Amino acid sequence: MAKERTLVLCVDRDDDLGFKARIDGPIVGREACLHAATSLALIDPEDSDVNAIFETIKLYDELAGRGEEVAVAVICGNHMNLLEGDRRVASGLDAILSATGSTSCIVVTDGAEDEYVLPIIQSRVPVSSVRRVVVNQMPNLEGTYYILRRLLDDPKVSKIVLVPLGLAMLLYAVGYLLGYPEGATIVVVGVVGTYLLFKGVGIDEVFGYLINSLRASLHGGRFTFVSYIAAILLGIVGVILGLISLLEYYSSFGIFFQILAFIYGAIAWFTAAGLVASVGKIIDVFLNERETIQRVVALPFFVLAIGAIAYGASIYILSISDVAGFPITSADGVKYIIFATIGGLICAFFGVYLQSFLGRWVDEREPVPLKREA
């Protein structure tokens, strides 16, 4: 039976070794880890990863001194993109385990952020212990100021903190320059609030995914690049016309009616944007991955169904609420919501039916594997 070997693993999730010391991970072996720690210490002696790597080497020496089979390594992520960093941690760990033949792992980190990758490590090797390295120091005002200054020098932190603050101050200054200080306050609060909402709800990740999709479509020569750009422009037009509709049919009944006024003016353009994007996706799938077209063929029908129902609902509510200047009567509003709902349901049903039909058609076209005679 093969002898068990323990891996003492230091996690550098934000890849300070690569970002600061220009040392690519993963790093395997005592001498290589010692060289990495020394190089990082000479560049940034205050980086907590230095202490974590030295603690990893110390723990390795202790276990090796007891006669245990032990290996030591440092694994790195990505400084600017944590998602890509976690994927790099997973692939790097596979390479380390293959090279060392380790059967268990002791994880050494310098904080809670590095411990986010524990599920990734545990999915590949049993973790027998976790050691967090905390540097002892006297907390005082000067130290706190220095820590904040160091954090703001980090591009990953400054992009999150300094950009919204700088934008808010710039808008405030422009408002005062134009002679509208009250409007400047409203705009600044609105911009900061929108930013915090986007970060809290995770809408920024959606925009990041959209940008990555556009980049991949452009580099791959996909039709979706053009359709996505067209959808974005149509969406911008929808936002503008929605705001115009909101100002035209503004009511004091509450925010719900104001949202409906916005939807009334914007939903047609939002629906057109969704249709353009989904049709572009279908064209790309048809040209490149025809066997999976049944997965996306229902998208435009669902978009059209949602748009029709939302349009009918907004007309109906606004028509029965006596909103000033609204051109549709309550009697006509009932007709709108009835026909829009029926049309939307029929459209969605047709999309589901078409998806099911194409799924059966693709299954029938797949060749049946021949059985070899014994």
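Strand β1 is mostly covered in this predicted model, with seven of its seven residues buried. In a regular strand, side chains alternate between the two faces of the sheet. Both faces of β1 are covered: Thr 6, Val 8, Cys 10 and Asp 12 lie buried on one side, while Leu 7, Leu 9 and Val 11 are buried on the other.

The pairing of β1 with two other strands is summarised below.

| Partner of β1 | Sense | Bridges | Residue pair |
|---|---|---|---|
| β3 | parallel | seven bridges | Val 8 with Val 72 |
| β4 | parallel | five bridges | Leu 7 opposite Cys 105 |

Helix α3 is one of the elements that meet β1: the buried residues of α3 pack against β1 (6–12), α1 (16–20), α2 (30–43), β3 (70–76), β4 (104–109) and β5 (127–132). These buried residues are Asp 49, Val 50, Ala 52, Ile 53, Glu 55, Thr 56, Ile 57, Leu 59, Tyr 60 and Leu 63. An α-helix has 3.6 residues a turn, so residues three or four places apart point the same way.

The length of α3 can also be checked. Helix α3 comprises 18 residues (residues 48–65), and at 1.5 Å a residue these should span 26 Å; the end C-alpha atoms are 26 Å apart, which agrees. After α3 comes Gly 67, with a positive phi near 90°.

For the chain as a whole, there are 13 helices and five strands. Of the 374 residues, 36% are buried. Among contacts with a separation of 6 or more, 65% involve residues 24 or more positions apart. The exposed area of the chain is about 22800 Å², of which carbon and sulfur atoms supply 66%.

Note on methods: Residues are numbered from 1 along each chain as its sequence is written. This is a predicted model: local features need pLDDT of at least 70, side-chain atom pairs count only at pLDDT 80 or more; totals for chains, interfaces and linings use all residues. Side-chain values use heavy atoms; hydrogens and water are left out. Helices (H or I, at least four residues) and strands (E, at least two) are DSSP runs, numbered from the N terminus. Buried means under 20% relative accessible area, exposed over 50%, partly exposed in between (1.4 Å probe, protein chains only). Contact means heavy atoms within 4.5 Å. Accessible areas come from the Shrake-Rupley method with a 1.4 Å probe; for residues, only the protein chains shown count as cover. The expected span of a helix is 1.5 Å times one less than its number of residues. Two strands pair if DSSP finds at least two bridges between them.
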